[in-house]
Amino acid sequence: MAFALPPELRSLCRRLTATKAEQLPALLPSLLKDLLRCQEPLSKPQEAKTSESSSEPAMLVHKLKTQISTLLNSRTTQGRFVGVTLVKAVVETGGWECLRTSGPWVNGLLTILQRKDPAAVKELCIVTIVKIYSLMYAYPTLVREIVTPTLTTFASACLQILKPPVSSKASKIPNSLVETIFEALSTLIPLFPTTLRQSASKIRTETRSYIAPTISDGAIVPSSLQTSSRRLAIRLHMAAAKGGDSTEWAKHLDGLIKTFHSTADQVFRAIQESWESTSDHLPGATLQQVDFDKEPQGGSTSPDQLPSWNGIYAGSERMIGLIDFIGDYLRCRTKVAVTIPVSAILDIIMRISSIMPPTHGREKSASVQMNPAVGREERDELWTVFPDIQLAAIRLLYVMIRRLKRNFLPVAQESLEQLLRMFESSYRLPEIRTMTFLLTTEILQLSGPTMAKLTVESLNLVIKACCRDLLGAAGHLKRPKQSASAAQDGLKTKSIAQNADAFLSNKAEDESISVAFSAEHISAAAALLTTLFTHVPQQYLSSALRAQMLRAAILSQNRDAQVASVLHPARDKSGRTPQVILPYLIRQFPHDESVEILRFNFRPIATGFRNDIMDIDETLIEDEPEEKPSTNGFSFERPFESAFANPRNVLAETATIAEAPASSPPARVVEPIVKAPNPFLPKPASETVTRSQEERSTVVQPPPSLPLKRKNEDADIIVSKRVEIDRETTTISTTTSASVPTPVNTLSQAPTTNDVGVDEESSDNESVHLNMELDSEEESDNDDDNDDGAEEV
């Protein structure tokens with residue numbers, strides 16, 4: 001299908017022809033926008049040479065390519081800059097049709113790279129060449145025709161740029177250009193390792209001063225440049241001979257580990273270490289070569305070794321750089337399978353975590369022992385830089401667990417212990433807390449549900465720090481109170497300046513303060529709080545600690561943590577869940593979908609105290625397993641007539657209960673338990689009992705009756721009447737209390753005398769408080785029993 005010629009192509013050619021090269025950089029944004037809209041004519045197959053019979057789009061495309069070639073060979077820097085930019089845009093837009101004709105452009109770009117052009121032009125030139133090489137990787141013919149002949153020239157040009165200037169007057173190349181070269185070579189080595197194999201040794205030499213820089217180098221290396229140089233050094237193993245990739249990778253990593261231990265022997269010489277290596281390294285052998293009359297030093301001038309360093313600060317920077325370099329080895333991908341020396345890497349972590357800096361209030365036995373041959377100044381410098389070394393070790397553990405994932409499980413418990421040991425001594429630093437939160441989250445997600453109680457209790461300090469940081473970030477952290485005491489550390493009061501404002505009642509102390517943390521810190525703390533609810537056995541957390549976690553989740557408005565706390569409630573020994581924050585969650589997130597699902601579907605099994613109304617049936621079963629449930633004073637095992645057929649027996653039982661000791665505790669009056677009525681039985685009328693005690697009368701509404709076993713199916717329950725007991729008769733009525741919801745009648749618990757002829761103890765005694773109307777044939781018997789003291793109304 002024929003396509004319409006885009007007007008941008010004609011306008012682009014006209015503007016490139018009519019505008020001077022010096023003015024083109026200002027028009028570059030609009031030129032690139034027009035060029036990106038010409039994808040269809042640029043990607044259409046074109047003839048090698050145009051003629052008068054060629055179509056207009058083909059002639060315009062040929063004209064555009066000619067103008068770009070002219071700009072690449074321009075005498076002005078502005079023209080060459082615009083030409084390089086247009087080459088990159090045309091190659092990305094036109095695809096294979098523009099790639100197959102880009103050979104002359106590649107040669108022009110290499111020529112510009114070898115000139116003394118500004119760094120910006122060289123950076124753009126390097127990026128364009130790498131883009132062309134990367135796009136050609138999918139076409140073996142183009143690789144053979146264009147990439148292979150020119151790639152060696154490109155590597156040599158890059159190495160020539162990295163060489164230091166011969167004259168001191170010449171300016172040093174900027175770090176941005178060095179980083180661009182490292183990134184370019186790091187991108188091309190995995191694609192064309194065989195072609196770049198001959199330049200691998202030279203490339204490694206150029207990266208040595210940027211991998212682990214120190215203050216002894218006299219230059220500042222940005223962290224991005226350190227990362228790019230490490231990535232390039234790691235990928236150099238891909239340029240090894242066939243089959244030697246994994247061997248080369250393991251060899252260099254083993255050399256880094258040995259270099260770290262030799263550096264640590266110098267930096268930690270002020271400490272008498274109790275660490276025992278699990279690898280072949282012996283710290284004592286190196287300590288015998290340490291000269292305590294000189295500063296700690298290391299490194300070498302050899303091209304295969306890292307540069308020299310002197311002093312504790314430089315040594316600590318070298319150690320941190322080596323640890324980060326080992327982490328980059330685990331982070332970068334490889335073409336072949338490699339064997340990670342987990343034991344040797346954990347040996348590094350163990351050596352650092354075994355050192356406990358001296359802190360105020362800690363016993364001397366818990367801290368490390370110092371070497372008396374080292375001066376106080378060096379020891380102070382060591383404890384100053386030691387938290388940074390611990391931070392690097394925690395980062396290395398984090399990289400390991402992210403790389404190994406479930407394969408990290410065998411060493412998860414040991415790593416957690418080492419992490420907590422380092423956190424205990426340096427948790428005052430926000431960076432330490434951030435990495436600890438991240439690493440603890442990963443470990444809990446891996447092995448949290450299977451942790452023992454002692455392991456969970458060891459996380460208390462981390463949990464408290466997490467909650468405190470979340471409260472501080474949300475502005476709910478209490479302001480620390482000022483001490484009004486003038487004496488400190490045993491010094492005399494006269495030698496200390498007193499704060500007079502501390503004696504005043506300051507309301508500002510009751511106010512909350514807000515603490516500024518980085519977004520990464522807050523995110524790590526929030527993720528850890530959620531994980532503590534989902535992956536930690538809640539029965540191992542103390543109630544006070546879990547309450548602090550819930551408070552932090554609510555005040556920081558952490559939805560995920562609140563939802564997790566509802567889905568993973570804490571239960572006490574009796575199986576109750578006293579802490580449910582679903583109302584707070586619904587109030588904060590009324591329109592959230594997950595909260596709505598919890599609102600309409602979540603039902604806690606049991607909440608509140610043990611005698612709560614929600615578990616009344618369970619309490620009955622647990623408290624009285626021998627007795628069977630009774631209804632209205634009738635037992636299911638006794639005949640229906642025996643319960644209330646003879647009113648004389650009922651009044652006799654009433655008199656027996658009246659003779660109970662007066663020392664028995666009074667009954668508690670409780671609201672009745674309302675249960676669902678049985679649709680298969682007629683609804684009984686309200687039944688009340690009037691009790692007279694100490695010239696007072698109380699009317700109690702007992703619970704509704706349960707279904708009964710009836711001897712005669714045709715017998716109906718007739719409306720009952722109110723019964724008044726004589727003032728002299730003291731009875732214990734069936735009542736319920738707000739704190740004791742069990743509907744068990746207290747009459748069954750009162751002591752009974754032996755003179756009453758009752759064969760078995762049952763709940764029939766409860767029927768004394770009810771006057772049930774009997775059938776018509778039994779009304780005559782009820783009239784004869786009125787002389788016993790009961791009066792019908």
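Against which elements do the buried residues of helix 21 pack? In this predicted model, they pack against four helices and two strands by name: helix 18 (412-426), helix 19 (430-447), helix 22 (519-534), helix 23 (543-555), strand 5 (477-478) and strand 6 (512-513).

Helix 21 itself covers residues 460-474, 15 residues in all. The distance from its first C-alpha to its last is 21 Å, close to the 21 Å expected at 1.5 Å a residue. The buried positions of helix 21 are V462, I463, A465, C466, C467, D469, L470, L471 and G472. The acidic residue D469 is thus listed as buried along with the two cysteines C466 and C467. In general, an α-helix has 3.6 residues a turn, so residues three or four places apart point the same way. After helix 21 comes G475, which has a positive phi, near 85°.

The chain that holds helix 21 contains 30 helices and 12 strands. Of its 793 residues, 44% are buried. Among contacts with a separation of 6 or more, 74% are between residues 24 or more positions apart.

A search for disulfides across the whole structure returned 0. A disulfide is a covalent bond between the sulfur atoms of two cysteines. For C38, the closest cysteine sulfur is that of C13, at 8.1 Å, which is too far for a bond; the cut-off applied to a pair of cysteine sulfur atoms is 2.5 Å. C38 counts as buried because its relative accessibility is 0%. C98 likewise counts as buried, with a relative accessibility of 0%.

The open space in the model was also examined. The second largest pocket has a volume of about 730 Å³. Its lining comprises 27 residues, and those nearest the centre of the pocket are Q160, I161, K163, P165 and I173. Helix 8 (119-136), helix 9 (140-162) and helix 11 (200-211) are the elements that each contribute two or more residues to this lining. Helix 11 supplies the largest share, 5 residues. By residue class, the lining of the second largest pocket consists of 14 nonpolar, 5 polar and 8 charged residues.

Definitions and conventions:
Residues are numbered from 1 along each chain as its sequence is written. This is a predicted model: local features need pLDDT of at least 70, side-chain atom pairs count only at pLDDT 80 or more; totals for chains, interfaces and linings use all residues. Side-chain values use heavy atoms; hydrogens and water are left out. The expected span of a helix is 1.5 Å times one less than its number of residues. Buried means under 20% relative accessible area, exposed over 50%, partly exposed in between (1.4 Å probe, protein chains only). Contact means heavy atoms within 4.5 Å. On a 1 Å grid over the protein atoms alone, a cavity is a set of points where a 1.4 Å probe fits but cannot get out, and a pocket is an open set with protein on both sides within 12 Å along at least five of seven lines; lining residues have an atom within 4 Å of a point. Grid points are joined across faces, edges and corners, and a volume is the space filled by probe spheres set on the points. Ala, Val, Leu, Ile, Met, Phe, Trp, Tyr, Cys and Pro count as nonpolar, Asp, Glu, Lys and Arg as charged, and the others, Gly among them, as polar.
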